[in-house]
Amino acid sequence: MAANFKYSILNFKYQIRMKFFIDTANLSQIEEANQLGILDGVTTNPSLMAKEGIQGEEAIAQHYKTICEIVNGDISAEVLSTDFKTIVEEGKKLAAIHPNIVVKVPMIKEGVKAIKWFTDNGIRTNCTLVFSAGQAILAAKAGAAYVSPFIGRIDDSGWDGVQLIEQIARIYSIQGFKTEILAASIRTPNHITLCAEAGADVCTCPLESILGLLKHPLTDLGLAKFLEDAKKMNKVVEDV
Ligand code: E4P
């Protein structure tokens, strides 16, 4: 009985490990993050796509296809329209690009209607531009696969983004919502740690925040000393 309990706790912990997405449309950054071996997906948005100079329906579709070929995980592709009918048309085309495409839809009235339509028709969505727990409840009710609270932008406006992640995590757990909390608008490596602690299911981060997790001055000092001492070991080996 006790062993079973321990096993189920371990299993539970294993299942809820936090996913890492990269928040960019830049192919070389996506490649670099993917090579680390810890990447679970990619998020993009119209600003990130425009930054890479991607223009026109064909080029947009091709870019998403290329990203899907690099990363084996969920790839969020955002709709550009804001009315129900066009969001649905656009979302259907995006979802047809690759099975890993998740249609990213803004938290607006027409967007919520569209998310419900996509849910009912087997298309997974990421509800974006979420800034309150109320919006996160609506996204979950509509059946979004992911909800994206923008924690950096909340911090920028003088509120506490990580606190919002905690609140949504509490609500989803009490209510049994299956929607995954995708902490977005990450600005620092510490945001990632805090979001993990707050119960985020996913963090989508710029490459520099992911790489920032590697850094600690004591690691650098420790490694320098080990490498120095390793030279002495080689010398001993040579002397023998
Ligand atoms: C989320 O999916 C968005 O693309 C992104 O995290 C927004 O981040 P920003 O506030 O740095 O633009």
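This report walks through one chain, its ligand site and a few of its strands.

**Overall picture**

The model is a predicted one. The chain has 12 helices and eight strands. Along the principal axes, its C-alpha atoms fill a box of roughly 80 × 50 × 40 Å. Of the 240 residues in the chain, 41% are buried.

**The ligand site**

Let's start with the ligand. Which residues sit around the ligand? They are Asp23, Thr43, Asn45, Lys104, Phe150, Arg153, Ala184, Ser185 and Arg187. Sorted by class, this shell holds four charged, three polar and two nonpolar residues.

Side-chain polar atoms of Asn45, Lys104 and Arg187 can each be paired with an oxygen atom of the ligand, at the distances below.

| Side chain | Distance to a ligand oxygen atom |
|---|---|
| Asn45 | 2.7 Å |
| Lys104 | 2.6 Å |
| Arg187 | 2.7 Å |

How much of the ligand does the protein bury? On its own the ligand exposes 350 Å², and 85% of that is buried by the protein.

Ser185, one of the residues around the ligand, deserves a second look. Ser185 sits in the loop between strand 7 and helix 10 (189-198). Its phi is positive, about 60°, even though Ser185 is not a glycine. Is Ser185 buried or exposed? Ser185 counts as buried because its relative accessibility is 9%, and the cut-off for buried is under 20%.

**Strand 6 and its neighbours**

Now for the strands. Strand 6 covers residues 146-149. In a regular strand, side chains alternate between the two faces of the sheet. Here, Tyr146 and Ser148 point one way from strand 6, while Val147 and Pro149 point the other way. What do these four residues have in common, buried or exposed? All of them are buried.

Strand 6 has parallel pairings with strand 5 and with strand 7. Strand 5 (residues 125-130) pairs with strand 6 over three bridges, and Asn126 has Tyr146 as its bridge partner in strand 6. Strand 7 (residues 180-183) pairs with strand 6 over two bridges. There, Ile181 in strand 7 is the bridge partner of Val147.

How do strands 5 and 6 fit into a β-α-β unit? Together with helix 7 (residues 133-141), strand 5 and strand 6 make a unit that is right-handed.

**Two details around strand 5**

Asn126, whose bridge partner in strand 6 is Tyr146, also has a side-chain contact worth a look. The side chain of Asn126 makes a polar contact with the side chain of Ser76, at 3.1 Å. Where is Ser76 found? Ser76 is in strand 3 (residues 74-78). With a relative accessibility of 2%, Ser76 counts as buried, since the limit for that label is under 20%.

Leu129 is another residue of strand 5. The phi of Leu129 is near 60°, which is a positive value in a residue other than glycine. Why does Leu129 count as partly exposed? Its relative accessible area is 33%, and partly exposed means between the 20% limit for buried and the 50% limit for exposed.

**To recap**

The ligand has 85% of its 350 Å² buried by the protein. Strand 6, with its four buried residues, pairs in the parallel sense with strand 5 and with strand 7. Past strand 7, the loop leading to helix 10 carries Ser185, which is among the residues around the ligand.

Definitions and conventions:
Residues numbered from 1 in each chain as written. Predicted model: local features only at pLDDT ≥ 70, side-chain atom pairs only at ≥ 80, totals over all residues. Heavy atoms only, no water. Near = heavy atom within 4 Å. Polar contact = N/O pair within 3.5 Å; in protein donor to acceptor, adjacent residues only side chain to side chain. Areas by Shrake-Rupley, 256 points an atom, 1.4 Å probe, with all protein chains shown as cover. Nonpolar A, V, L, I, M, F, W, Y, C, P; charged D, E, K, R; others polar. Buried < 20%, exposed > 50% of the residue type's maximum accessible area, 1.4 Å probe, protein only. Pairing = 2+ DSSP bridges. Right-handed = clockwise from strand over helix to strand, strands pointing away.
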